[in-house]
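Subject: Structure handover

Hello,

Here is the structure I promised to pass on. Please open it first, then read the notes below it.

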Amino acid sequence: NARAAGIGNWAVFHPEIGKVADYRQWIEAELHPAFERGDFDLYYQPQIDLMKGRTVGYEALIRWKHPERGMIPPMEFIPIAEETGMIGPIGAWVLRKACADARHLPDDCFVAVNISAVQFVTRDFVGMVGDIVRETGIDPRRLELELTETAMMQDRGRAEAILKQLTAMGISVAVDDFGTGYSNLSYLVDFSIHKLKIDRSFVSRIDTDQNSGAVVSTIVGLSRALGVHAIAEGVETENQATLLRAAGCDVFQGFLFGHPAPLKIAGGQLHPTAAAGTAKAASLH
Ligand code: C2E
Ligand code: MG
Ligand code: MG
Ligand code: MG
């Protein structure tokens, strides 16, 4: 059934589109008109540095609000956009909008943009990034690109060169979902990487599973040895935050500190959730 196939509760909410294949076809057919209509938006989720006691950056997360069907989660349409090639225009739109939106976010904050593995290996990816940085006027030091290990490992030599060029432009690179992808860590020696994002799966189990705590402290130790930042993603409870701190991690992203929110909410210097997150940071410090 649809749930077993990993496409969420669609078949439950939309019994008229019962079959997984039909749902996939529907998404495939709808992506282009949705893009033309302007169904897509970016939400922003704060990243809080406990030592600085403030929000230091925001991750841009795509949202698809279909006029009839409502919100469609990225995990359901990004893979299809990757297969059909729609990720090209969608990914470029995301990057351009996030860079333009940066002017409405506090200027001591960076904006982090997810880059699909497919997008990363398109011809002249670096040129496209450079064009968008120039067009939007964003200070490249405020731009962070989130890549998965899988994205970087498709063509190692090329990835190394691309990361070097991005770094030379002043752009930071974060490894998303760190710890779930690639067990060979040798790329960390060669690649220009600035941050490890500790996958939510370790964070969500940290209060029940000692091994998760061990993995988190090891990643934090690794990041220190490499001279890169570490951030825990998907922090939902105070207990998790306390255990993460004990494991040496002090930069957090997650519902505990702020949900993803539209720019006009995130962009007010007083993002209610970010303000709450900062207050929470102070209480945990
Ligand atoms: P990701 O990059 O690892 O993003 C984090 C996901 O975790 C987001 O889901 C976010 O809403 C969710 N999250 C944040 N804090 C918490 C928490 O405390 N608890 C839980 N349970 N979840 C939390 P979202 O927005 O549904 O995005 C899912 C994935 O879709 C992203 O994972 C990323 O891989 C992809 N994605 C999202 N936006 C974009 C985009 O603009 N471009 C590309 N290429 N991929 C995107
Ligand atoms: Mg991400
Ligand atoms: Mg992530
Ligand atoms: Mg993740």
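A polar contact here is a pair of N or O atoms within 3.5 Å; within protein, one must be able to donate a hydrogen and the other to accept it, and residues adjacent in sequence count only if both atoms are side-chain atoms. One such contact joins a nitrogen atom of ligand 1 to a polar backbone atom of I62, at 3.1 Å.

Some ground rules. This is a predicted model, in which local features need pLDDT of at least 70 and side-chain atom pairs count only at pLDDT 80 or more, while totals for chains, interfaces and linings use all residues. Residues are numbered from 1 along each chain as its sequence is written, chains are lettered from A and ligands numbered from 1 in the order in which they are written, and side-chain values use heavy atoms, with hydrogens and water left out.

**Ligand 1**

Ligand 1 is surrounded by 22 residues (each with a heavy atom within 4 Å of it). The closest are R63, N114, D176, E236 and F255. E236 places a polar side-chain atom 2.5 Å from a nitrogen atom of ligand 1. An oxygen atom of ligand 1 lies 3.2 Å from an N or O atom in the side chain of D177. On its own, ligand 1 has 800 Å² of accessible area, and the protein covers 83% of that (Shrake-Rupley method, 1.4 Å probe; for residues, only the protein chains shown count as cover).

**The magnesium ions**

Donors are N, O and S atoms within 2.8 Å of the metal (3.2 Å for Na, K and Ca); water is not among the atoms, so sites may look incomplete.

Start with the magnesium ion (ligand 2). Its protein donors are E59 (OE), N114 (OD1), E146 (OE) and D176 (OD), at 2.0 to 2.2 Å. Their spacing in sequence is E-x54-N-x31-E-x29-D. Two of them link distant parts of the chain: N114 sits in strand β4 (residues 110-114) and E146 in strand β5 (residues 143-148), 32 residues apart. Strands are DSSP runs of E, at least two residues long; helices are runs of H or I, at least four; both are numbered from the N terminus. E146 is buried, at 1% relative accessible area, while N114 is partly exposed at 28%. Buried means under 20%, exposed over 50%, and partly exposed in between (1.4 Å probe, protein chains only).

Next, the magnesium ion (ligand 3). D176 (OD) and E233 (OE, listed twice) coordinate it at 2.0 to 2.7 Å. D176 is in strand β6 and E233 in strand β8, so the pair ties together parts 57 residues apart in sequence. D176 also coordinates ligand 2, and the two ions are 3.5 Å apart. D176 is buried, at 8%.

Last, the magnesium ion (ligand 4). Its protein donors are D177 (OD) and E233 (OE), at 2.2 to 2.7 Å. D177 is partly exposed at 27%; E233 is buried at 11%. Ligand 4 lies 6.0 Å from ligand 2.

**The core**

The largest nonpolar core has 77 residues. Such a core is a set of buried Ala, Val, Leu, Ile, Met, Phe, Trp, Tyr and Cys residues joined through side-chain atoms within 4.5 Å. L31, Y44, L143 and I193 have the most contacts inside it.

Best wishes
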